[in-house]
Amino acid sequence: MNAPDRYERFVVPEGTKKVSFEKDTKIMNAASFTIEREDHTIGNILRMQLHRDPNVHFAGYKLPHPLQYKIIVRIHTASQSSPTQAYTQAINDLDKELENLKQAFECELS
């Protein structure tokens, strides 16, 4: 079979950054973040969290190709915020939300 090994979907190769940033040269306050070894699961929840931010005008993601294990998240923000700030805030908010969910499950199981 021509499919890549399963571990290639999750293990970031040596010398490759997990997240890379590229500023948009045509639109002010817009940028793309390439996240290696992630798929629709992370892309969709990150996009939805970014939509909760009132300073975010646009947030979307795409998988360039089914056999490339990366997503590209595109963010366009208002002038009082930057795409990097919105991305960092969304990641921090998701981290807190998932920690609360984990604690709720642990309380139910106890």
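In this predicted model, Arg-52 is exposed, with a relative accessible area of 57%. The side chain of Arg-52 meets that of Glu-97 in a salt bridge, at 3.1 Å from N to O. This pair links distant parts of the chain. Arg-52 sits in the loop between α1 (40-51) and β3 (56-62), whereas Glu-97 belongs to helix α2 (residues 83-109). The two positions are 45 residues apart. Glu-97 is partly exposed, at 39% relative accessible area.

The count of salt bridges comes to four. Side chains of opposite charge can pair when their charged atoms come close. Another of these pairs joins Asp-24 and Arg-74, with an N to O distance of 2.4 Å. Asp-24 lies in the loop between β1 (19-23) and β2 (30-36), and Arg-74 lies in strand β4 (residues 70-77), so the salt bridge ties together parts that are 50 residues apart in sequence. Asp-24 has a relative accessible area of 17% and is buried, because the limit for a buried residue is under 20%. Arg-74 reaches 26% and is therefore partly exposed, a class that runs between 20% and 50%.

A further salt bridge is formed by Arg-37 and Glu-36. Their closest N and O atoms are 3.6 Å apart. The distance qualifies because the cut-off for a salt bridge is within 4 Å. Arg-37 counts as buried, at 17% relative accessibility. Glu-36 is buried as well, with a relative accessible area of 15%. Arg-37 also appears in the lining of the largest pocket.

That pocket holds about 160 Å³ of space. Besides Arg-37, its lining includes Arg-9 and Phe-10. Glu-38 and Asp-39 are also lining residues. Leu-63, Pro-66, Gln-68, Tyr-69 and Lys-70 are further members of the lining. By class, five lining residues are charged, four are nonpolar and one is polar.

Aromatic side chains were examined next. The structure holds two aromatic pairs. A pair of aromatic rings is described by the distance of the centres and the angle of the planes. Phe-21 and Phe-33 form a tilted pair, with 5.2 Å from centre to centre and 50 degrees between the planes. Phe-21 lies in strand β1 and Phe-33 in strand β2, so this pair ties together parts that are twelve residues apart in sequence. Phe-21 is partly exposed, at 44% relative accessible area. Phe-33, by contrast, is buried, with a relative accessible area of 3%.

Phe-33 also pairs with Tyr-87. The ring centres of Phe-33 and Tyr-87 are 4.4 Å apart and their planes stand at 5 degrees, so the pair is stacked. Planes under 30 degrees apart meet the cut-off for stacking. The Phe-33 and Tyr-87 pair links distant parts of the chain, from strand β2 to helix α2. Their separation is 54 residues. Both Phe-33 and Tyr-87 are buried. Phe-21, Phe-33 and Tyr-87 form one aromatic cluster.

Strand β2 also contains Thr-34. Thr-34 counts as buried, at 17% relative accessibility. Residues up to four places away in sequence are not counted among its contacts. Beyond these, Thr-34 touches Lys-18, Val-19 and Ser-20, as well as Lys-70, Ile-71 and Ile-72. Of these, Lys-70 also lines the largest pocket.

The overall fold sets these features in context. The protein has four strands and two helices. From the N terminus on, the elements run β-β-α-β-β-α. The C-alpha atoms fill a box of roughly 45 × 45 × 20 Å, taken along the principal axes. Of the 110 residues, 26% count as buried. Contacts were also grouped by separation in sequence. Among contacts between residues at least 6 apart in sequence, 54% join residues at least 24 apart.

Conventions:
Residues numbered from 1 in each chain as written. Predicted model: local features only at pLDDT ≥ 70, side-chain atom pairs only at ≥ 80, totals over all residues. Heavy atoms only, no water. Buried < 20%, exposed > 50% of the residue type's maximum accessible area, 1.4 Å probe, protein only. Phe/Tyr/Trp six-rings, centres within 6.5 Å; stacked < 30°, edge-to-face > 60°. 1 Å grid on protein atoms, 1.4 Å probe; cavity = no way out; pocket = protein on both sides within 12 Å on 5 of 7 lines; lining within 4 Å. Points joined across faces, edges and corners; volume = space filled by probe spheres on them. Nonpolar A, V, L, I, M, F, W, Y, C, P; charged D, E, K, R; others polar. Contact = heavy atoms within 4.5 Å.
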